[in-house]
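Here is a short tour of a metal site and some ring contacts. Have the viewer open as you read along.

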Amino acid sequence: MLTRERNELLVRSDHDTLMGRLLRRYWVPALLAEELPEPDCPPVRVKLLGEQLIALRDSDGRLGLLDEFCAHRGVSLFFGRNEECGLRCSYHGWKFDVDGNCVDMPSEPDESNFKDRVRLKSYPAVERGGIVWAYMGPEEHRPPLPELEWAALPAERRFVSKRLQETNWVQAMEGGIDSSHVSFTHRYDIAEDPMHAGTAGLAYIKADRHPRFEVAESDGGLLIGARRNTGEDDEYYWRITQWLMPWYTIIPPFGTHNPLGAHAWVPIDDEHCWAWSINYHPTRALRADELDSMRAGEGIHVEYVPGTFRPKANRDNDYLIDREAQRQKKTFSGVAGISAQDFSLQESMGVIVDRTKERLGTSDAGIITARRRLLRAAQLLADKGETPPGIAVESQRVRSASLLLPADEAFHVGARDALRAEPGTEFVSI
Ligand code: FES
Ligand SMILES: [Fe+2]
């Protein structure tokens, strides 16, 4: 449970809020690189952390993320012309380059130097890992580029998608931290999914449906361990989720033949977020059949309402719930697809869940600790200017893992090597 005040601090991300200032110290996944496919392509509206922006790729291929609204009289630059290294407003022809400089002002006399005094808000934008990232914080604190394993891999080892989620970003992310729902919400899917079939991990999960949860702090966030019995007294089966500040999760794997899965949960505004889903394999290219199923919206990805990033199964159609499938134990909740199962339940909580009413149990330890860590980092930044966790690139080079550990060993100690993302090495999973 949180007080109303703490809940407000946690969920608000505008530029003048405590959490908004914290989030602006990190690179923000802004849009898919393929949404800006070539120089001078149409600009794209992007809303991030409550700010309405416009993304463009100029004639030289340079990326820009500008205030959506023209500095002259506020027309949306979505309707502008992306031409000759700048975006020209369609109302009176003012033109802005990717850095926000006004480079032409044809509505003013030639001798006027007014344009030199006009600037549009602009943020640094870079392409990495199939994503255009933005940095929306103070320039003197701009961190090095993200070194998350999936972001640093060659393109053929990775698949990235995003979907609109119609809730606040924190409750979406809490779903990524909460591994205890897996035994319920996804019970029948995991048992049937060919990606999990035949793995020792699946057998342990089926045999012990009451995992014990333990949480340990990492440099950049948290390790959330789910412990299950193996039938042997001297060892446990551990599934370890990584949560990385401020909004990343890495799903524990099943077996070593399947790609890993990861998410980022990024505020659009306080009532919507982007759920980014990434599959990647550290040591091999993804196969054509894997890519086909990801593009078809299987696994952690979704099928869309055509021409949008809104899932086809959404709030308006009760996520296409199928009561017969629920009765026949094909799906636990009646909703098809792991991703839709998650967001249907998270959206059902309301756009911003009232955390004053919740009753948290022992299985919620990960969520409780993550909230505390976010709020503490935001407060330390505000009070002392302390650099938040997860900014140092070394803290981002991590993996999740699933493995057997001796019963008397702390999970975060026994799994230490398995949790490091050493480039070119296999990940640890059973
Ligand atoms: S509103 Fe954009 S040039 Fe006038
Ligand atoms: Fe889930």
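## Rings, charges and an iron site

Tyrosine 304 is partly exposed, with a relative accessible area of 26% (partly exposed lies between buried, under 20%, and exposed, over 50%; 1.4 Å probe, protein chains only). Phenylalanine 309 is partly exposed too, at 25%. This is a predicted model, in which local features need pLDDT of at least 70 and side-chain atom pairs pLDDT 80 or more, while totals for chains, interfaces and linings use all residues. Residues are numbered from 1 along each chain, chains are lettered from A and ligands numbered from 1 as written, and side-chain values use heavy atoms, without hydrogens and water.

The structure holds 14 aromatic pairs. The rings of tyrosine 304 and phenylalanine 309 are 5.6 Å apart at their centres with planes at 85°, so they pair edge-to-face (centres within 6.5 Å, planes over 60 degrees apart). One aromatic cluster is formed by Trp133, Trp150, Trp169, Trp247 and Tyr248.

Two charged ends sit over rings (NZ of Lys or CZ of Arg within 6 Å of the ring centre and within 35 degrees of the ring normal):

| Charged residue | Ring | Distance to ring centre |
|---|---|---|
| Lysine 162 | Phenylalanine 309 | 4.5 Å |
| Arginine 227 | Tyrosine 236 | 4.1 Å |

Now to the metal. Which protein donors hold the iron ion (ligand 2)? They are His181 (NE2), His186 (NE2) and two OD atoms of Asp342, 2.0 to 2.4 Å from the ion (donors are N, O and S atoms within 2.8 Å of the metal, or 3.2 Å for Na, K and Ca; water is not among the atoms, so sites may look incomplete). Their spacing along the chain is H-x4-H-x155-D. Histidine 181 lies in the loop between α4 (169-177) and α5 (182-185) and aspartate 342 in helix α10 (residues 338-348), so the pair ties together parts 161 residues apart in sequence (helices are DSSP runs of H or I, at least four residues, numbered from the N terminus). Both histidine 181 and aspartate 342 are buried.

How values were computed
Rings of Phe, Tyr and Trp (its six-membered ring) pair if their centres lie within 6.5 Å; planes under 30 degrees apart count as stacked, over 60 as edge-to-face and the rest as tilted. Helices (H or I, at least four residues) and strands (E, at least two) are DSSP runs, numbered from the N terminus.
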